[in-house]
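Colleague: Please take one part of this model and look at it closely. I would like a connected account, from the packing outwards.

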Amino acid sequence: MRNLITDVRGVIVGNADDAAAATGVTVALFERPSIASVAVLGGAPGTRDTALLEPGMTVEHIDGIVLSGGSIWGLAAADGAMSWLAREGRGFPIAGYHVPIVPQAILFDLANGGDKPFARGESEAPYRRLAAAACSAAASEFALGSAGAGYGATTATLKGGLGSASAIAATGQIVGALVAVNAVGSATIGDGPHFWAAPYEHDREFGGRGWPAAIPAEDLALRFKGGPGANTTIALVATDAALTKAQAKRMALCAHDGLARALRPVHAPLDGDVVFAAATGRSGAPSDAFALTELCATAADVLARAVARAVYCAGALPFPGAKPAWRDRFGA
């Protein structure tokens, strides 16, 4: 176990980023088409092809998931992933062509200090190119923190980033999470080093600081970043279990509990929080509703841990006024 979503058999991940623009793309690819669904609970989402993931829709399987910076410009990333997959002969066969199914969610990182001439209409956005590069780089190992879709991400108090975590559920099946944390709120308690997700930490994966001795009222005061549309946490949870589309939908909904455990606030009118859920089917179906509940609860736990790891592993951007990194403030 690498403590990454790629511990789920059949999933690989690639990152690509643009340092000058302070933005990037992360792509999760499935080695064979996989069942997937989605739950959108934020008030200001930016997505592509999420409607087809609802249980009543015809398409059953997808080839990948794209997480991207860039706000609305970032939606071009799915084009790059589709082109790359089509060249590989992947996708839904129709009329002699292959049509890759690659849903996407974006986050807002336009105000992080990077130079984004595409947002002024002065150049082409880099996201198609970045997504293709991320697909080419996809592997079992990948960087966390200021990488891929998390490169330019921030929270209310600290630099955000890309996180991942995994666990073996009580059913024996593997569940993993991948998240780009660009929250309107905070992943840490007050102004200290303690993560809201501390009770779920494994093996000091985000510093081992645990809970503070007390949480005074002022530490429960909400801390906000940015304005409307300037935020969003986007994620994928995956399992090697065999799920139906309706069961994947339930997993996506339950996994949002992980965001609620790790970020304060979350699912706000200013957020576009989205969680995809996918099942590669390598280890058989859950035996009953209780087994499915075990998988769903594990998905929430690993997503909470992935959020904290994203902030813990991030490095500050080299721009005036950039949000500090957790490690710069609190050490390793």
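Modeller:

**Packing around Met251**

Met251 touches Val237, Thr239, Leu243, Ala277, Leu295, Cys296 and Ala299, leaving out residues up to four places away in sequence. This is a predicted model. Met251 also ranks with Val181, Phe195, Val237, Leu303 and Val307 as the residues that touch the most other members of the largest nonpolar core, which has 43 residues. Several elements feed this core. Strand S8 (161–168), S9, S10, helix H3 (245–262), strand S11 (274–279), H4 and H5 each supply at least two residues. H4 gives the largest share, 13 residues. In general, nonpolar side chains of soluble globular proteins tend to be buried together.

Now the main contributor. Helix H4 covers residues 289–313, and its 25 residues should span 36 Å at 1.5 Å a residue; the end C-alpha atoms are 36 Å apart, so the two agree. The expected span counts one less than the number of residues. H4 is mostly covered, with 18 of its 25 residues buried. Its N-terminal end is capped by Asp288, which places a side-chain oxygen 3.0 Å from the backbone nitrogen of Phe290.

Next, the aromatics. The whole structure holds six aromatic pairs. In one of them, the ring centres of Phe195 and Trp326 are 5.7 Å apart and the planes meet at 25°, so this pair is stacked; the cut-off for stacking is under 30 degrees. The pair links distant parts of the chain, 131 residues apart. Phe195 sits in the loop between strand S9 (174–181) and strand S10 (234–239), while Trp326 belongs to helix H5 (residues 326–330). Both Phe195 and Trp326 are buried. Ring pairs extend the picture to a cluster of Phe195, Phe206, Tyr312, Trp326 and Phe330. A charged residue joins here too: Arg327 lies over the face of Tyr312, 4.2 Å from the ring centre. Phe195 thus appears twice, in the ring cluster and among the core residues that touch the most other members.

The loop between S9 and S10 also holds Ala217. Phe195 in that loop is buried, but Ala217 has 63% relative accessibility and so counts as exposed. The C-alpha atoms of Ala217 and Val11 are separated by 42 Å, with their positions 206 residues apart along the chain.

There is a second, separate core. Its 30 residues include Val8, Leu52, Ala105 and Phe142. Helix H2 (residues 127–137) has Tyr127, Leu130, Ala131, Ala132, Ala134 and Cys135 buried. The buried residues of H2 pack against strand S1 (11–18), strand S2 (23–40), strand S4 (61–68) and helix H1 (77–87).

One polar residue deserves a mention. Asn15 is in strand S1. At 17% relative accessibility Asn15 counts as buried, because the cut-off is under 20%. The Asn15 side chain makes a polar contact with the side chain of Thr26 at 2.7 Å. The side chain of Asn15 also reaches the backbone oxygen of Ala143, at 3.0 Å. Beyond its neighbours within four places in sequence, Asn15 is in contact with Val25, Thr26, Ala134, Ala137, Phe142, Ala143, Ala147, Gly148 and Leu162. Among these contacts, Ala134 is one of the buried residues of H2, and Phe142 is a member of the second core.

How values were computed
Residues numbered from 1 in each chain as written. Predicted model: local features only at pLDDT ≥ 70, side-chain atom pairs only at ≥ 80, totals over all residues. Heavy atoms only, no water. Phe/Tyr/Trp six-rings, centres within 6.5 Å; stacked < 30°, edge-to-face > 60°. Helix = DSSP H or I, 4+ residues; strand = E, 2+ residues; numbered from the N terminus. Buried < 20%, exposed > 50% of the residue type's maximum accessible area, 1.4 Å probe, protein only. Lys NZ or Arg CZ within 6 Å of the ring centre and 35° of its normal. Polar contact = N/O pair within 3.5 Å; in protein donor to acceptor, adjacent residues only side chain to side chain. Core = buried A, V, L, I, M, F, W, Y, C linked by side-chain atoms within 4.5 Å. Contact = heavy atoms within 4.5 Å.
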